[in-house]
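Me: I've got a structure open and I'd like to learn how to read it piece by piece. Can you walk me through it?

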Amino acid sequence: MNTFVYIDHFKGTALPASWEAIGVGKTLGTVKALVFGQGVEALAKTAFEYGADEVLLADDAALADYRAEAFAATLGKLAADGAPDLLLFPTTTRGRELAAMAAIDLKTGVMVDVTALETADGKITVTRPIYAGKLLTKETCSSKPPIITLRGRAFPKPAQQAGKSGTLTKIAAATGDFPTKVEGYTTGEGGVSLADAGVIVSGGRGVSNNPALTPPAGLDEKQVEIWKAQQGFALVKELASVLGAAVGASRAAVDAGYVPYPNQVGQTGKVVSPDVYIACGISGAIQHLAGMRTSKVIVAINKDAEAPIFKLARYGVVGDLFQIVPALTAAFKKKLGK
Amino acid sequence: MKIVVCVKQVPDSAAKVVVAEDGKVSWGDAPLVINPWDEYAVEAALRQKEALGGSVTAITIGGEGSKDALKHALAMGADDAILISDPALVNMDTQATAQVLAAAVQKIGGVEATFFGRQAIDADSGLVPAQTARLLGWPALTLSAVIKVDGGGSAPLTVRVERGVEEGRQIVTAKLPAVFSLVKDFGEPRYPSFMGIRKASRAEIPAWSLAELGIPAPASVIAWPEIMNPPSREVTCEIISGGSPAEIAEALADKILAEKVL
């Protein structure tokens with residue numbers, strides 16, 4: 001099978017699910033990696049090291065910033081000329097959007113956020129979560145080429161072979177009067193992104209309830225709550241920092257204004273699947289559980305022994321998170337030599 | 001500004017959704033509601049109308065029951081609503097859905113902005129906004145958290161959005177018409193007012209068939225041969241207890257490290 005794999009990157013840094021997609025493509029046959037951008041030849045080299053047989057490189061000032069229309073036009077032309085059997089994308093914001101547009105341009109269908117894939121007689125059947133993972137569905141695509149976006153961390157990342165090379169083919173970016181202009185970026189809080197995180201430490205509404213704290217004078221009730229929550233989330237962030245983990249939050253914590261929305265895990269936030277998920281002061285509403293239930297090892301710290309989160313957890317501590325979480329941070333610091 | 005907002009009726013996010021013994025997807029007695037993301041889209045559309053004038057039309061594809069999602073949009077303040085309903089519109093994939101919505105936007109005519117929620121919480125695809133934009137030939141301003149429209153009168157309408165991406169926000173400008181999808185940090189959707197609910201309950205909602213849209217039934221290419229309950233997690237929770245917080249933490253850290261996943 002001849003597979004095109006779209007390499008999603010930001011300013012030359014690839015999102016890791018792109019390499020996982022090369023790995024999947026290699027299990028099916030040959031891989032042509034698509035690298036679009038400006039000054040991104042280094043990325044083409046890395047694509048070879050992750051297993052690409054060929055890299056189709058569109059290096060052009062018109063592609064300096066991701067713009068859906070410009071990237072889709074270049075992609076559409078390439079796919080129409082190259083006649084791949086399959087197009088793979090990482091399920092990232094850009095990957096999902098480009099896959100959507102490519103399906104229209106190529107008159108085919110997209111199977112999105114796929115977590116498993118099998119082939120029989122050259123026909124692909126995928127599995128993907130729906131209802132935020134409350135159910136799974138199998139999907140097939142009757143038109144060609146099928147387009148698939150792969151969920152990050154659902155497939156293994158191939159080993160990087162330093163110095164491995166392949167055929168580099170330079171291609172022209174599509175020209176045209178594209179309707180959007182990128183003015184710039186505002187950066188997020190930084191830190192580890194939830195989707196790529198191997199470890200996530202999350203806080204819930206419980207982090208604002210530390211009775212041992214005395215808030216500064218002059219705050220009203222809501223300000224006291226937020227202040228207490230900030231103190232609580234500082235503990236969550238310290239543990240995350242020691243573990244190199246991303247910080248997550250329940251919807252309750254986001255809605256109460258303790259943490260910004262991009263940190264929300266759950267049905268109306270991000271669906272995550274880390275190796276370790278440590279839930280601090282999260283009781284486990286069904287929408288939250290849907291967003292993290294496929295994590296490999298779930299750890300729950302909650303004062304309520306009846307909290308639903310314990311039904312999913314491998315390890316639990318029924319106790320005061322304001323004592324347990326700092327103690328856990330100290331224990332990991334010692335054991336990990338940090 | 002003339003705005004269309006596309007909404008969908010879905011099972012409530014708190015629903016326990018399972019594949020029942022008859023093989024069908026069941027959400028028990030949980031209510032069907034407007035897709036929570038679409039409430040942000042309605043809110044965004046109403047705020048543009050409040051700032052610039054114009055109108056907001058809510059549309060959906062579905063049966064009679066889907067009118068409830070339209071009524072919710074009307075109760076929030078949308079001016080009118082259209083149900084797109086046809087026996088041929090079943091088991092549609094995203095590109096088929098986009099074809100129908102794009103045809104509806106074109107039939108309405110003079111539309112300057114089409115709003116969507118970022119995705120529907122049932123199929124979780126998040127493809128339809130970009131696909132509808134592609135079919136209309138309009139810019140796709142997906143995952144918008146901030147929308148600012150400028151111009152009007154003799155000047156062409158332009159828009160500046162902040163889009164949520166993995167690295168933060170991308171600031172993009174474009175000319176209208178455009179398609180937008182909305183994320184939650186746009187701001188909380190308003191609650192329907194009492195007057196709004198009364199108005200919505202009395203509203204006459206026209207239904208458009210494919211013939212009225214003037215398109216043939218779009219072919220779907222994605223099939224769903226099997227829907228399954230996820231494998232149950234065979235976990236028994238080991239509660240770490242006894243001793244001081246430091247001792248409990250020590251024991252818990254050892255257990256986690258022994259899993260060899262850190």
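Reply: Sure. Let's start with domains: their bounds come from an automatic or database domain assignment. Keep in mind that this is a predicted model.

Me: Which domains does the assignment give for chain A?

Reply: Chain A is split into domain 1, covering 2-170, and domain 2, covering 199-335.

Me: How do I read the way they sit relative to each other?

Reply: Look at the centres, then at the contacts. Going by C-alpha atoms, the centres of domain 1 and domain 2 of chain A are 34 Å apart. As for contacts, four residues of domain 1 of chain A meet seven residues of domain 2 of chain A. On the domain 1 side of chain A, that set is made up of one nonpolar, one polar and two charged residues.

Me: On to chain B. What do I check to get an overview?

Reply: Secondary structure, extent and burial are handy. Chain B contains seven helices and 15 strands, and its C-alpha trace spans about 75 × 45 × 40 Å along the principal axes. Of its 262 residues, 47% count as buried. You can also ask how far apart in sequence the contacting residues are: in chain B, taking contacts between residues at least 6 apart, 67% join residues at least 24 apart.

Me: How many residues of chain B are in contact with chain A?

Reply: Interface size is often quoted as the accessible area lost when the parts come together. Here we count residues instead: 70 of chain B are in contact with 75 of chain A. Elements of chain B giving two or more residues to its side include α3 (94-108), β9 (140-152) and β10 (155-165). The largest share of that side, ten residues, comes from α7(B). By class, the chain B side has 39 nonpolar, 13 polar and 18 charged residues.

Me: What about helix against helix: at what angle do α4 of chain A and α4 of chain B cross?

Reply: For a helix pair, read the distance between axes, the angle and the handedness. Helix α4 of chain A (residues 93-105) and helix α4 of chain B (residues 128-136) have axes that come within 8 Å and cross at roughly 40 degrees. That's why α4(A) and α4(B) are called oblique to each other. Their crossing is right-handed.

Me: Which residues make that contact?

Reply: From α4(A), they are A:Glu97, A:Ala100, A:Met101, A:Ala103, A:Ile104 and A:Asp105. From α4(B), you have B:Ala130, B:Gln131, B:Arg134 and B:Leu135. Sorted by class, the contact of α4(A) with α4(B) has six nonpolar, one polar and three charged residues.

Key
Residues numbered from 1 in each chain as written. Chains lettered and ligands numbered in written order. Predicted model: local features only at pLDDT ≥ 70, side-chain atom pairs only at ≥ 80, totals over all residues. Contact = placed C-beta atoms within 7 Å. Nonpolar A, V, L, I, M, F, W, Y, C, P; charged D, E, K, R; others polar. Axes fitted to C-alpha atoms, helices over the stretch in contact; angles between N-to-C directions. Helix = DSSP H or I, 4+ residues; strand = E, 2+ residues; numbered from the N terminus. Parallel < 35°, antiparallel > 145°, perpendicular 65-115°, else oblique. Left-handed = near helix turned anticlockwise from the far one by under 90°. Buried ≥ 20, exposed ≤ 12 C-beta atoms within 10 Å, placed from the backbone.
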